[in-house]
Amino acid sequence: MASKYDGLARIIIQNVGGKSNIANITHCVTRLRFTLKDVSKANTDILKETDGIVTVLNSGGQYQVVIGNHVPDVYKTVVEVGHLESLATAESADSDSGEKVKTNPFNAFIGIITGCFTPFLGVLCAMGIIKGVLALLVAVGVLASDGTDATYNILYSLGDSAFYFLPPIIGYTAAKKFKMPEIEGLLLGCAIIYPYLSTTSGYAIDKLFGIPVVMPSSGNYTSSIIPIICGVAFAAWIRKYIAKIIPDVIKTFFVPLITLFIAFVMTIYVIGPVSALLADWIGAAFNAIAGFNNIVYGLFVGFFWQILVMFGLHWALVPVAMVAINSGQPDTILAAMFATTFAQTGACIGIWIKTKDKKIKGLAPSAIISGVCGVTEPAIYGLTLPKKSPFFRTCAIAGVGGAVLIASGVRAYTMAGMGIFGYTAFITHDNSTKGMVIAAIVSVCAVVAGVISELLFYKDSAPKAAKKVETVASSKGEIVVSPLKGEVKDLATAPDEAFASGALGKGVVVVPTEGKLYAPADGEITVFFPTGHAIGMKTDNGAEILIHVGMDTVKLDGKCFTTKAKQGDKVKKGDLLLEFDIAGIKEAGYKIDTPVIISNSDDYADVIPTDAKNASVGDELITLL
């Protein structure tokens, strides 16, 4: 079934450099996250100007296309339209191509953290909400946590499961990130939390091959993060070499056997103790800063959190917070940043009230709803950051909020949701709700401060002067002839929203009655999809023409299409470029409506479609002024 995001998906794939340039694709709450083989091939400016895309970032080792709350639907469509299923799993084509994605160590680290956490962050927050609500119900006396309340015990089993079994979950996602079979990463995570490996903190449980196995300070690896990520990374690295030397006839079971044995031994001997120690040091460093001056610490984290979000770097601090929470210690990071989403929400409300810009009025409601739920990217990229001043005003409000929260002793005791769903994180282990009440008061103040700041200081941008068109095409004018024989229809009737809306340019739809496509002008073929379904060309006079044969026909993967030219060819008006099987396309369930659009319509004073209802090849179709 066709998706309304098919057109947007094609634009994204084409402008990140095509399928061949994609090493990996994933998504988080609001963004498509690509790992590209060559970022220079991406057309960032085109993507930024495309309707449906909020903005584009290149940060943390990833090329990030910010979509908004409907990103799961867009992600699904991108994967389907581009046939990227293998690049959205562990079996990335990049693993066999020999091409490596170059990035610096810091960006690589951020990419790893993002890749491991984003696939299940929503579920993790959901389980945190369950634990928080249970804590709230205990605090008000509805349930009991002393082991005698079956309802509490059963529901707590659900809420706590995601945290207790964190190593297997991260083992699975890390295996996908490091391009090894996910089941092997899952089993490695299961192995390091096996009950026998739990013991008294810091003591050897036994000897393996005569060498003591020392557990981390917590006594076990349940709820741990860094050891399993490092263990899977090592397993993925060594597996490549093992796979090369094992005969094919026994490779199916010998490769995982040897890989898991070596990786498990190395994890419990070296990787686990060392990485757990490093995690303890990182947590201690943050706690030391907090202990040095709580107010400065809260101000610092609160002010810079949105900037970290802007670059996608805030994920680097998530493991630090989780290490503290999972070790039973209160966390300061989640408390210090808590006011940020409310400051952004308040600013959006203030802008919505004051602006007279219809586009901003339209963006504001969805950004406000997202902000209330704790997702600030639509607010940041759609409203506050483009204006710059509102963004930094919200940073200042969030910084003050962070300082107040930390100075008031508010700490996070569990992973809860975001925005209004995050209050339960501040209920203490002894079920005190004082921190939650303070957090609620500060969040309301942050919203109010955000609203007032924008009512006082926000100003709409001055209207831009009309851009003077100075192109060769517009000065000479040009007529684009019909590349097809068939019925001519208004572009708004196109079955695809991206074409029908005019977001890709002005033009017409031709419903062909003959399966041949000819050059509509003299020029060069700039894009010719391998599947044959879409052609882009630039005429000698500068017009950029896109012809898309049918809707969703990329899914035919070249079937029903026979190319008669190739990308880079110089062509003359009337040259045969493509033959296609109309009956075969229809039989496969696809429409043959073919948009013929002028991609650079903004370069012309006017783009005038023909009034004719039918056209033969070579008839005047579009006049450019």
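Exposed here means over 50% relative accessible area, buried means under 20%, and partly exposed is what falls in between. Keep those cut-offs handy for the exercises below, and remember that this is a predicted model.

**Exercise 1. Sort Lys566, Lys570 and Glu524 into buried, partly exposed or exposed, then find the salt-bridge partner of each.**

Start with Lys566. Its relative accessibility is 55%, so Lys566 counts as exposed. Its side chain meets that of Asp569 in a salt bridge, at 3.2 Å from N to O.

Next comes Lys570. With a relative accessible area of 65%, Lys570 is exposed too. Glu524, at 29%, is partly exposed.

Now pair these last two up: Glu524 and Lys570 form a salt bridge, and their closest N and O atoms are 3.6 Å apart. Glu524 lies in strand E11 (residues 523-528) and Lys570 in strand E15, so this pair ties together parts that are 46 residues apart in sequence.

**Exercise 2. How many salt bridges does the structure hold, and what does the one between Arg393 and Glu454 tie together?**

The count is 5 salt bridges. In the one we want, the side chains of Arg393 and Glu454 meet at 2.8 Å, N to O. Place each residue: Arg393 sits in helix H18 (residues 389-407) and Glu454 in helix H19 (residues 434-457), so the contact links parts 61 residues apart in sequence. As for accessibility, both Arg393 and Glu454 are buried.

**Exercise 3. Work out which strands flank E2, and whether its two faces are covered or open.**

Take one neighbour at a time. Strand E1 (residues 22-27) is joined to E2 by 5 bridges, and the two run antiparallel. To fix the register, note that Asn24 stands opposite Thr35 in E2.

The other neighbour is strand E4 (residues 62-66), joined to E2 by 4 bridges, again antiparallel. Here Leu32 stands opposite Val65 in E4.

Then check the faces. Arg31, Arg33 and Thr35 on one side are buried, and so are Leu32, Phe34 and Leu36 on the other, so both faces are covered by the under 20% cut-off. That fits the tally for E2 (residues 31-36), where 6 of 6 residues are buried.

**Exercise 4. Write down the strand order of the open sheet with 8 strands and name its edges.**

Reading across, the order is E15-E11-E12-E13-E17-E9-E8-E19, with antiparallel pairing. The edges are E15 (570-571) and E19 (614-615), as each pairs on one side only.

Zoom in on one pair inside the sheet. Strand E9 (residues 506-512) and strand E17 (residues 594-598) share 5 bridges in the antiparallel sense. One of the matched positions is Val508, whose bridge partner in E17 is Val596.

**Exercise 5. Test the length of helix H8 against what you would expect, and see what follows the helix.**

H8 (residues 166-177) has 12 residues, and at 1.5 Å a residue it should span 16 Å. The C-alpha atoms at its ends are 16 Å apart, which agrees. Several of its residues are buried, including Leu166, Ile170 and Ala174. After the helix comes Lys179, with a positive phi near 60°.

**Exercise 6. Count the disulfides and classify Cys230 and Cys445 by accessibility.**

A disulfide is a covalent bond between the sulfur atoms of two cysteines. With sulfur atoms required to be within 2.5 Å, the count comes to 0 disulfides. Cys230 is partly exposed at 33%, and Cys445 is partly exposed at 48%.

Technical notes: Residues numbered from 1 in each chain as written. Predicted model: local features only at pLDDT ≥ 70, side-chain atom pairs only at ≥ 80, totals over all residues. Heavy atoms only, no water. Expected span 1.5 Å × (residues − 1). Buried < 20%, exposed > 50% of the residue type's maximum accessible area, 1.4 Å probe, protein only. Pairing = 2+ DSSP bridges. Salt bridge = Lys/Arg side-chain N within 4 Å of Asp/Glu carboxyl O.
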